[in-house]
Amino acid sequence: MIRCISCGAEYDLNEIIYNCKECGSVLEVEPLRPDVSKDVFECRKSTMWKYKEFMPVDESKIVSLQEGGTPFCKCQKLGDKLGVDLYVKVEGSNPTGSFKDRGMSIGITKATELGVSTVGCASTGNTSASLAAYAARAGMKCIVLLPSGKVALGKLAQAMFHGAKVISIKGNFDEALEAVTGLALEGKLYLLNSINPFRLEGQKSIGFEIVDDLGWKSPDRIILPVGNAGNISAIWKGVKEFHEAGFIKDLPRMTGIQAEGAAPIAHAVRDKKKEIVPVENPETVATAIRIGAPVSATKALRAIYESDGLAETVTDDEILSAQKLLARTEGIGVEPASAASIAGLKKLVETGSIDKGEQVVCVVTGHLLKDPNTAINACEKPVEVEADINALSRIISSK
Ligand code: F0G
């Protein structure tokens, strides 16, 4: 069953629907509540389909590139520096380099079940890269709408190379999403933005894996960047489903981090509001989360309030220095948006909102190579010399 999160109206799992027909609110898939023990997961391959009993699609139709099962790295050095017990969930290790692959694997599986031939999305980049790859694998036509000039190079290359029809929109992500939703409502394509509740059913596996990685325990806190607000809602749904199944005793505090120039959710939490005021002209170096009117805002706010969590803003400078800190202290290369989680952690510890010694999992959502330009611009140019041992010796011994 698909259910409206506001009025509770119910829809069939096979109805193509993105918003409630009664009240216009967002929808979610009712938990399946399978009668299984967590022992069934034990000998299975480490992909998100390890937890297939909790995935509301036909197992025989699965379209997969073996997404999920991403590294869960204990970060002792950075944790000591920040004063917390820190783990990082490295979503850049997914097939196309971001967590979106989890949502697209199940989204394209659902599209296959429904027999659709054309899929589409609006995107700040990663969603389009992922959709293009999974649509190719399933033999579907793919249309992506991207905000002109605001998509990082790696993501654009992926969407184009996997054969999507890439359309550059003279406008921002929010405008592109409104346009593609219009196309979907006219039946021109099956929409695979996170307004489609099946997307979140894949992404909830990040929550499954974190508690599995910790030996069936919840961390004190999960911190992640928030853009369109699907992922924080999905991870919360995942940990709640495992809690309800009796696999874990406690629940984590969900903590969302936004860029200062695109922070409607953090501002709503600051003002203790249940609804956001959209940001008109969102701006940040972290183009992945350059979003002013997140479609899953209601779900995200619910996750933060229900879990007694937090939301915080970080500046572009804080994001870029956290990106470098993670890369140089722990060897984990992430794109700017992902580093917002580390920047947010640092700020929340400094302001005393996170206690010293808390067990914290930061979800880093996309790979460093997604945005090579920002990475190169943050570094000094390499020196150029002849391949001469004396000249090289001088250079390597200089500061
Ligand atoms: N991190 C990265 C690397 C992202 O690409 C996104 C979203 C987010 C965080 C935020 O996740 O939207 O679920 O709150 N990217 C979308 C896209 C909007 O089009 O690729 P969210």
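**Figure 1. The side chains of T255 and R221 are joined by a polar contact of 2.9 Å.** The model shown here and in the following views is predicted. T255 belongs to strand β11, which covers residues 253–259. Its relative accessibility is 0%, and T255 therefore counts as buried. Beyond the neighbours within four places in sequence, the residues in contact with T255 are R221, I222, I223, L224, I232, G309, L310 and L348.

**Figure 2. I222 is among the residues that touch the most other members of the largest nonpolar core.** This core has 88 residues, and I108, V119, F242 and I265 share that distinction with I222. When neighbours within four places in sequence are set aside, I222 is in contact with I210, I235, V239, P252, R253, M254, T255, V361 and V363. T255, the subject of the preceding view, is thus one of the contacts of I222. A second core, separate from the largest one, comprises 32 residues, including L86, V88, A322 and C362. In soluble globular proteins, nonpolar side chains tend to be buried together.

**Figure 3. Helices α11 and α12 pack at an angle of about 95°.** Helix α11 spans residues 316–330 and helix α12 spans residues 336–350, and their axes lie 7 Å apart. Because angles of 65 to 115 degrees count as roughly perpendicular, α11 is described as roughly perpendicular to α12. On the side of α11, the contact is formed by E318, I319, L320, A322, Q323 and L326. These residues meet P336, A339, A340, I342, A343 and K347 of α12. By class, the residues of this contact comprise nine nonpolar, one polar and two charged. A322, which takes part in the contact with α12, is also included in the second nonpolar core.

**Figure 4. W216 has a positive phi although it is a residue other than glycine.** The phi value of W216 is near 60°. W216 is placed in the loop between α7 (205–213) and β10 (221–225).

**Figure 5. K272, which is not a glycine, likewise has a positive phi.** For K272 the angle is about 55°. The loop that holds K272 runs between α9 (264–270) and α10 (297–306). With a relative accessible area of 72%, K272 is exposed, whereas T255 in the first view is buried at 0% relative accessibility.

Key:
Residues are numbered from 1 along each chain as its sequence is written. This is a predicted model: local features need pLDDT of at least 70, side-chain atom pairs count only at pLDDT 80 or more; totals for chains, interfaces and linings use all residues. Side-chain values use heavy atoms; hydrogens and water are left out. Axes are lines fitted to C-alpha atoms, for helices over the stretch in contact, and angles run from 0 to 180 degrees between N-to-C directions. Helices (H or I, at least four residues) and strands (E, at least two) are DSSP runs, numbered from the N terminus. Angles under 35 degrees count as roughly parallel, over 145 as roughly antiparallel, 65 to 115 as roughly perpendicular and the rest as oblique. Contact means heavy atoms within 4.5 Å. Ala, Val, Leu, Ile, Met, Phe, Trp, Tyr, Cys and Pro count as nonpolar, Asp, Glu, Lys and Arg as charged, and the others, Gly among them, as polar. Buried means under 20% relative accessible area, exposed over 50%, partly exposed in between (1.4 Å probe, protein chains only). A polar contact is a pair of N or O atoms within 3.5 Å; within protein, one must be able to donate a hydrogen and the other to accept it, and residues adjacent in sequence count only if both atoms are side-chain atoms. A nonpolar core is a set of buried Ala, Val, Leu, Ile, Met, Phe, Trp, Tyr and Cys residues joined through side-chain atoms within 4.5 Å.
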